[in-house]
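Here are a few exercises to work through with the model open beside you. Try each task before reading its solution.

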Amino acid sequence: SDIETEDVRTTEVFLADIEQKTVATGSILPRNEVAIKSRVSGLVETVLVEPGQVVEAGSLIATIRVIPDDATLNNAEASLEQATIQRTDALAEYERAQRLLEAQAISQAEVDTSSTAYQLAQQKYASALSALEVVREGARSGAGVVNTEIRTTVSGMVLTVDVKEGASVIESNTFNEGTPIASVADMSDLIFMGFIDEAEVGKIEEGMALDITVGAYDDLSLTGTLEHISPKGLDQEGAVQFEFRASV
């Protein structure tokens, strides 16, 4: 009778490393993104940039038209009027004192006193005028910095423009973070920000290499280096996720 035989394939035993891969989702972001905000409250008069435009530090991106509060404006105007009257009166007293000194009717000390009073009145007038300019224009003349001109503080690409012409904005101060005008970032320095499950976070460590694929480009593959793993996990729909950051 015929005996059927079965071919058995063999291979040589060898040593190798078993590579475990972990897949994590995330997004590619600029490392440093700066939100440019207004230093005065008012209306956006002009917007001079668009998303995608590259700008240098100090470039003008928008202008603000100040809308002064009626009560504040009235107080500033009243203070200026009062300072004007006091300056006029002090000048008249100083000139009278000089005439009396020429007639040897008063001493030099009295003239010096009236001179000091006139100088103080001039200073008060200048201060009141400056305060009125700040209320009306958002800055005083000769200050060197015009608060109604919004300029970028960093060089890079304009990512978003958050306001349109005619929109109201609030100034950035101690009690309010202010209205964002635009965001600017250096797009030559990017990072990958993602989340990894707690079951996998113990298998990764800083310094590991990453292969990054971009959903918008099927044939594009980037490399990265793991820089940071968050020490605290976040509960997302019942699963604890740890944030990590990698250079791209």
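A residue is called buried when its relative accessible area is under 20%, exposed when it is over 50%, and partly exposed in between. Keep that in mind, and remember that this is a predicted model.

**Exercise 1. Sort D189 and R31 by exposure, then work out what their salt bridge ties together.**

Step 1. Take D189. Its relative accessible area is 29%, so D189 is partly exposed.

Step 2. Now R31. With 30% relative accessibility, R31 also falls in the partly exposed class.

Step 3. Check the contact. The closest N and O atoms of R31 and D189 are 3.1 Å apart, and a salt bridge needs them within 4 Å.

Step 4. Place the two on the chain. R31 sits in the loop between strand 1 (25–30) and strand 2 (33–37), while D189 sits in the loop between strand 9 (180–185) and strand 10 (190–197), so their bridge ties together parts 158 residues apart in sequence.

**Exercise 2. Starting from R31, follow the salt bridges to find which residues share one network.**

Step 1. R31 also has a salt bridge to E227, at 3.1 Å from N to O. That pair spans 196 residues, from the loop between strand 1 and strand 2 to strand 12 (residues 217–229).

Step 2. Look at E227 itself: its relative accessible area is 28%, so E227 is partly exposed.

Step 3. Move on from E227 to R245, where the closest N and O atoms are 3.3 Å apart in another salt bridge. R245 belongs to strand 14 (residues 239–247), and the two partners are 18 residues apart.

Step 4. R245 is partly exposed too, at 26%. Through shared partners, R31, D189, E227 and R245 end up in one network.

Step 5. For context, the structure holds 7 salt bridges.

**Exercise 3. Find the cavity and say what kind of residues line it.**

Step 1. Searching the whole structure for cavities of 30 Å³ or more turns up 1. The largest cavity has a volume of about 30 Å³.

Step 2. List the lining: V47, V49, I61, A62, V161, V163, I181 and A182. Strand 5 (60–66) and strand 9 are the elements that give two or more residues to it.

Step 3. Classify them. The lining has 8 nonpolar residues, no polar ones and no charged ones.

**Exercise 4. Describe the largest pocket and its lining.**

Step 1. Start with the space: the largest pocket holds about 820 Å³.

Step 2. Go to the middle. There are 23 lining residues, and T22, V23, A209, L210 and D211 are the closest to the centre of the pocket.

Step 3. Ask which elements contribute. Strand 1, strand 10, strand 11 (209–214) and strand 12 each give at least two lining residues, and strand 11 has the largest share with 5.

Step 4. Sort by class: the lining of the largest pocket has 11 nonpolar, 7 polar and 5 charged residues.

**Exercise 5. Write down the strand order of the open sheet of 4 strands and name its edges.**

Step 1. The order is 6-5-3-8, with antiparallel pairing.

Step 2. Strand 6 (149–151) and strand 8 (168–169) are the edge strands, each pairing on one side only.

Step 3. Zoom in on one pair. Strand 3 (residues 42–47) and strand 8 are antiparallel, with 2 bridges. L43 has S168 in strand 8 as its bridge partner.

Methods:
Residues numbered from 1 in each chain as written. Predicted model: local features only at pLDDT ≥ 70, side-chain atom pairs only at ≥ 80, totals over all residues. Heavy atoms only, no water. Salt bridge = Lys/Arg side-chain N within 4 Å of Asp/Glu carboxyl O. Buried < 20%, exposed > 50% of the residue type's maximum accessible area, 1.4 Å probe, protein only. 1 Å grid on protein atoms, 1.4 Å probe; cavity = no way out; pocket = protein on both sides within 12 Å on 5 of 7 lines; lining within 4 Å. Points joined across faces, edges and corners; volume = space filled by probe spheres on them. Nonpolar A, V, L, I, M, F, W, Y, C, P; charged D, E, K, R; others polar. Pairing = 2+ DSSP bridges.
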